[in-house]
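Work through the exercises below with the structure open beside you. Try each task before you read its solution.

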Amino acid sequence: MSMKRIILISLLIGCVATGAAAETLLNYENRVARAAEQVARIKSDPDYEAPGVEHIKELLPRRELVEHEGKRLTVDNSWLHLALDVYEAEANPRSKSARLTEIGDRLAALDAELIRAAETSPDKGSGQETRARLRDILNRSEYHEKEESRLSAFIKKVKTKVMDFLGEIWQAFMRMLGKVFGSGAQGSLISKIVVVAALGAFLFFVVYIARQIKPRRRRARKRTVLGEEIEAGTTPGDLFEAAMAAARAGDFRAAVRKLYISLLYELSERNLIEIEESATNHEYLSRLGRYEALVPPVREMTDRFDLTWYGMFPTSPDEFSAYLSRYNEALQRAQTLAPEAAK
């Protein structure tokens, strides 16, 4: 048992007045840790996948209440159930492994955050501050099922209507062939020739229209990365310089964040990933799973980013120097890759 786990248990047992509520928080943290252990077991034993996934879902139901300091917090674990469903449906072995790794990383990060939050004792902060920190942890986007945006829902609805419309046109076209060439026309050589000719004419028309449309220049706009708004026109080099300036000023926490975002920008410009406002650092890492050479340095940078930015762990000059080395290593490897070079 880790030292932090021992400290957590000691603190919770020592709270006599709120012992039952503290045990509830300890129970939730313990189940999160056990779920992470189940992920590790699935990775080492593929035959354990089905029972392992079922056990994880039993350990952490979609919704539950967690008590701490006499107050109840609603916990939404539906993000985990959705991630597991997507993992089970994934056909590509490499993508499947990357999704499982991401689930394990997110569970491990949540477990570490719960331990750190519960370690806050009365002399370090009030119970209200502790509950506020727990609520902030449990409300983070990486621990919630993403809702479908209005734009996505609209596009899906339009796509369905277009497909239905094209199906109706096809049926009407086939009925017309039947009337012109007889009831057996659908399977005749003549009908096939007519269909091919019609499709050819349609494709020619589409290509002709597409060539007449001039591409519009994309306007520079602000972008949001990991919750930080970046001004329009900002380059990876600008972010790198900002990171180094922060490091020279001794603010290694800001330096680590700027350097991490600079790397994401660089990978985006090389079309290796796509910057999305709602994406988390672990989601970006998962999307790089198809570029094997990039994964090791980016994973180390992601772990250090979690500890420094989310975990509030201090970063020494030597640790930042190692972080900068991983950044340079990732850039060098990215220069040898192209989007179509994914394995």
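The exercises that follow use a predicted model.

**Exercise 1. An aromatic pair**

Task: Decide how the rings of Phe 240 and Tyr 327 are arranged, and find which helices they belong to.

Solution:
- Step 1. Take the distance. The ring centres of Phe 240 and Tyr 327 are 5.5 Å apart. Rings pair if their centres lie within 6.5 Å, so Phe 240 and Tyr 327 form an aromatic pair.
- Step 2. Take the angle. The planes are 20° apart. Planes under 30 degrees apart count as stacked, so this pair is stacked.
- Step 3. Place the residues. Phe 240 is in helix α9, and Tyr 327 is in helix α13, residues 317–335. The pair therefore ties together parts that lie 87 residues apart in sequence.
- Step 4. Set the pair in context. The structure holds 4 aromatic pairs. Ring pairs also link Phe 252, Phe 320 and Tyr 323 into a cluster.

**Exercise 2. Buried or partly exposed?**

Task: Sort Phe 240, Tyr 327, Ala 245 and Ser 78 by their relative accessible area.

Solution:
- Step 1. Recall the cut-offs. Buried means under 20%, exposed means over 50%, and partly exposed is in between.
- Step 2. Tyr 327 has 4%, so Tyr 327 is buried.
- Step 3. Phe 240 has 22%, so Phe 240 is partly exposed.
- Step 4. Ala 245 has 35%, so Ala 245 is partly exposed too. This residue lies in helix α9, residues 236–248.
- Step 5. Ser 78 has 6%, so Ser 78 is buried. Ser 78 lies in helix α4, residues 78–89. Its side chain makes a polar contact of 2.5 Å with the side chain of Asp 76.

**Exercise 3. A salt bridge across the sequence**

Task: Show that Arg 94 and Glu 292 form a salt bridge, then say what parts the pair ties together.

Solution:
- Step 1. Start with the principle. Side chains of opposite charge can pair when their charged atoms come close.
- Step 2. Check the distance. The closest N and O atoms of Arg 94 and Glu 292 are 3.1 Å apart. A salt bridge needs them within 4 Å, so the pair qualifies.
- Step 3. Locate the partners. Arg 94 is in helix α5, residues 93–118. Glu 292 is in the loop between α11 and α12. The bridge therefore ties together parts 198 residues apart in sequence.
- Step 4. Check exposure. Arg 94 is partly exposed at 36%, and Glu 292 is partly exposed at 42%.

**Exercise 4. From a pair to a network**

Task: Start from Glu 300 and Arg 326, and find which residues their network joins.

Solution:
- Step 1. Glu 300 and Arg 326 form a salt bridge, with the closest N and O atoms 4.0 Å apart.
- Step 2. Glu 300 is in helix α12 and Arg 326 is in helix α13, 26 residues apart.
- Step 3. Glu 300 is partly exposed at 44%, and Arg 326 is partly exposed at 24%.
- Step 4. Follow the shared partners. Salt bridges join Glu 300, Arg 326, Glu 329 and Arg 333 into one network.
- Step 5. Count for the structure. There are 13 salt bridges.

**Exercise 5. Charges over rings**

Task: Find which ring lies under Arg 41 and which lies under Lys 96.

Solution:
- Step 1. The charged end of Arg 41 sits over the ring of Tyr 48, 3.7 Å from the ring centre.
- Step 2. Lys 96 lies over the face of Tyr 87, 4.3 Å from the ring centre.

Key. Residues numbered from 1 in each chain as written. Predicted model: local features only at pLDDT ≥ 70, side-chain atom pairs only at ≥ 80, totals over all residues. Heavy atoms only, no water. Helix = DSSP H or I, 4+ residues; strand = E, 2+ residues; numbered from the N terminus. Buried < 20%, exposed > 50% of the residue type's maximum accessible area, 1.4 Å probe, protein only. Phe/Tyr/Trp six-rings, centres within 6.5 Å; stacked < 30°, edge-to-face > 60°. Lys NZ or Arg CZ within 6 Å of the ring centre and 35° of its normal. Polar contact = N/O pair within 3.5 Å; in protein donor to acceptor, adjacent residues only side chain to side chain. Salt bridge = Lys/Arg side-chain N within 4 Å of Asp/Glu carboxyl O.
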